[in-house]
Amino acid sequence: MSIALFSPTIPHFFQPLLPGFHLSIPLSFFKDYLKGQINCESAVLRSYGRTWSVKIRDRRFEDGWQDFARDHDLHVGDFLVFRYGGNMVFDVVVFDTSACQRQYPLLATQTQQTAKEIGKQHEKRTSTSVTLESPHFVSNLTLESMKSFRLNIPRKFARSNDLDRSCETVLVDEQGRSWMASIRLKDSDGQVYIGRGWRNICIGNSLGLKDCVKLELIGNGITPIFKLYSMLNKSCLSIRDLFSPSITDQTTLFVFQRLQATQMPKSCLIILVPTLVVQEDQP
């Protein structure tokens, strides 16, 4: 965060978010800086390069405020700082109940920023803070995970990061695309896993059997956010490769014949046959 953002020469005010989610501009601030503005009936809120248009009635944010609150996952007790840039434009910074600035990597990716730029945003802290590596885990895609289209989250990782619960999550891949998925907790054995949505993530990122993925937890609010890194095993074809002209023109594709024996999904049962020699990995 730039120190200039809260410079004494730049007008700014702060407000806690109270029950009802209503938020008003302080009367003294309104009189000193906004009264007499031609367009004081509306404002532009700016965060991570995105903007939200909000109507103002009696100094209170109205139409459009709900969209801003939803996109920033605001909760009662959050603390918001508004820096006035002139012409009814405010840069907004959100602090949660821990008194730390809340990060929004998903908003950053939606502004077409690169993964490197996102990383730099997370490295920015106050002068008294320490930069730590985001928690992450690595997993190999096994036969079982491909059959069930789910990815188990290590129990220790889930417990230490408050993920041993059922909730929605967002995964941001290396291309900056975001994918919705669900985190589920099995009551029988306490296993936490990514379920609904994982199949689309695998297909969209051409993931297959024996591929390795790294999931980095870059946002841990009500909706956790993961950064997805994939290390593809080139010897295994994905479902997208099945219909690739470059593949079908050069090789012959066969579907493994033990469908009933293994009950594997077809996307994992593609083997490559160069010339007349069948290359098949042992299960």
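## Sheet and helix arrangement

In this predicted model, helix α1, spanning residues 27–34, lies across β1, β5 (79–84) and β6 (89–95), and runs at about 15° to β5. The strands crossed by this helix belong to an open sheet, which has six strands in the order β1-β5-β6-β2-β3-β4 and mixed pairing. The edges of the sheet are taken by β1 (12–16) and β4 (60–61), each of which has a single partner strand, so that one side of each is left without a neighbour in the sheet.

The pairings of β2, β3, β5 and β6 are set out below.

| Strands | Sense | Bridges |
|---|---|---|
| β2 and β3 | antiparallel | six bridges |
| β2 and β6 | parallel | three bridges |
| β5 and β6 | antiparallel | six bridges |

Individual residues can be placed within these pairings. Ser47 has Arg50 of β3 as its bridge partner, where β2 covers residues 42–47 and β3 covers residues 50–57. Val44 stands opposite Val89 in β6, and Phe82 has Val92 of β6 as its bridge partner. The hairpin formed by β5 and β6 has four residues between its strands, and in this hairpin Gly86 takes a positive phi near 95°.

Strand β6 also merits attention for its burial. Seven of its seven residues are buried, so β6 is largely enclosed by the rest of the structure. Both of its faces are covered, with Val89, Asp91, Val93 and Phe95 buried on one side, and Phe90, Val92 and Val94 buried on the other.

Key:
Residues numbered from 1 in each chain as written. Predicted model: local features only at pLDDT ≥ 70, side-chain atom pairs only at ≥ 80, totals over all residues. Heavy atoms only, no water. Pairing = 2+ DSSP bridges. Helix = DSSP H or I, 4+ residues; strand = E, 2+ residues; numbered from the N terminus. Contact = heavy atoms within 4.5 Å. Axes fitted to C-alpha atoms, helices over the stretch in contact; angles between N-to-C directions. Buried < 20%, exposed > 50% of the residue type's maximum accessible area, 1.4 Å probe, protein only.
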